[in-house]
Amino acid sequence: RHSLRRIATGLLCLGLSGLYWPDRAFAQQDIMIAAGQSQGNYYKFATALAELAPAGRVHVVESGGSLKNIELLRDHRADFAIVQSDVALRATRGHLPFADPIPGLLQVTPLFAEAVHILVRSELFIFTTSGIRGKKVALGPEGSGTVITARAILDASEASAAEVQAEYLPLDRVNAALRDETTDVAFVTSSIPSDVVRRALADN
């Protein structure tokens, strides 16, 4: 058995926002909320919110995360979305990975703070981001804000995203990938406590 070392809990604190596309009237229509993966806190929060609404009026859309949620809003497949604040800022300003600014996005309310967790197999003795160079790194699920944030952290540190073996894992595969040593490092962005992080630390 190998244990995990959480080398950077709270390395970066992010705000989380509720966004919406302001071109629909909701009085007589069902409402679609773009959330995240079913194992994550976005989905859990959106589901709890939907339960407060009249039965059947609010529907939670499972997605890869913040980036995908912005796309769902833009394509009119969702009315509200839960999005990392840094991803929302990139979307409105047209910063990577967005080619152009996405107009018309409005913030409903800030929701809660998140922390970026970097989980590392402890036998690798990695204590700083420079040690991640050349390792198999799970940057986050496809379509998630975690991928964008992970790349920004690596590019701003001593190991750029181009110097790691990037992988994209859904939340429900992070634990097994670390345990089976098919992944060396995993980025998880979540509020605290995080079920994904807690399970990984307990099981490995």
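**Note on the cores, strand β5 and the cavity**

1. Ala 34 stands opposite Ala 81 in β5. Strand β3 (residues 31-34) runs parallel to β5, and 2 bridges join them; strands are DSSP runs (E, at least two residues), helices likewise (H or I, at least four), numbered from the N terminus, and two strands pair if DSSP finds at least two bridges between them.

2. This is a predicted model, in which local features need pLDDT of at least 70, side-chain atom pairs count only at pLDDT 80 or more, and totals for chains, interfaces and linings use all residues. Residues are numbered from 1 along each chain as its sequence is written, and side-chain values use heavy atoms, without hydrogens and water.

3. Strand β5 is largely enclosed by the rest of the structure, because 4 of its 5 residues are buried (under 20% relative accessible area, 1.4 Å probe, protein chains only).

4. The largest nonpolar core (buried Ala, Val, Leu, Ile, Met, Phe, Trp, Tyr and Cys joined through side-chain atoms within 4.5 Å) has 16 residues; Ile 70, Val 83, Val 87, Ala 91, Phe 98, Ile 102 and Leu 105 touch the most other members. At least two residues each come from α2 (66-74), β5 (80-84) and α3 (85-93), and α2 gives the most, with 4. Another core, of 15 residues, lies apart and includes Ile 126 and Phe 187.

5. In α2 the buried residues are Ser 66, Leu 67, Asn 69, Ile 70, Leu 72 and Leu 73. His 76, which follows α2, has a positive phi, near 60 degrees.

How values were computed: Buried means under 20% relative accessible area, exposed over 50%, partly exposed in between (1.4 Å probe, protein chains only).
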